Amino acid sequence: MSNRVLQCKYGVTWSTVNKALTSAWPQPRTTTASARPSKLDPFTLLIDEILLIDLDATRKQRHTVTPDLPPSDRRALLVRGVALTT
């Protein structure tokens with residue numbers, strides 16, 4: 001079959017037909033995202049400290065929403081790095 005017949009049959013452009021004829025496998029995708037540090041990295045220790053202090057605060061003075069767990073269990077989860085939001 002000619003390229004023009006393939007274009008009409010599948011409803012694609014000539015460049016798509018040429019790409020399909022050159023290789024049966026799709027081209028690998030290139031990633032554009034670069035590995036860069038988070039903007040919060042300098043503040044992670046401060047944030048963790050605030051969250052640990054919140055565990056001992058009264059209910060209305062906390063900065064986070066936490067599940068209904070005793071403070072000791074919440075502290076253990078936070079020290080292990082488990083998210084406490086619900």
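**Q&A on a predicted four-helix chain**

Q: About how much area does the chain expose, and what share of it do carbon and sulfur atoms supply?
A: Keep in mind that this is a predicted model. The chain exposes about 7900 Å². Carbon and sulfur atoms supply a share of that area, and the share comes to 60%.

Q: Which helix has the highest confidence, and which the lowest?
A: Over the whole chain the mean pLDDT is 75, with 67% of residues at 70 or more. Helix α1, residues 3-10, sits at the top with a mean of 91. At the bottom, with a mean of 63, is residues 71-80, helix α4.

Q: What pattern does the chain follow along the sequence?
A: There are zero strands to place here, just four helices. Reading along the sequence then gives α-α-α-α.

Q: What percentage of the residues count as buried?
A: The cut-off for buried is under 20% relative accessible area. The chain has 86 residues, and the part of them that counts as buried is 10%.

Q: What share of the contacts with a separation of 6 or more comes from residues 24 or more positions apart?
A: Take the contacts in the chain with a separation of 6 or more as the pool. Residues 24 or more positions apart account for a slice of that pool, namely 10%.

Q: Is R4 buried or exposed?
A: R4 belongs to helix α1. Its relative accessibility is 65%, and the cut-off for exposed is over 50%, so R4 counts as exposed.

Q: What distance separates the C-alpha atoms of R4 and W14?
A: Along the chain, R4 and W14 are 10 residues apart. In space, their C-alpha atoms are separated by 7.5 Å.

Note on methods
Residues numbered from 1 in each chain as written. Predicted model: local features only at pLDDT ≥ 70, side-chain atom pairs only at ≥ 80, totals over all residues. Heavy atoms only, no water. pLDDT = per-residue confidence, 0-100. Helix = DSSP H or I, 4+ residues; strand = E, 2+ residues; numbered from the N terminus. Buried < 20%, exposed > 50% of the residue type's maximum accessible area, 1.4 Å probe, protein only. Contact = heavy atoms within 4.5 Å. Areas by Shrake-Rupley, 256 points an atom, 1.4 Å probe, with all protein chains shown as cover.
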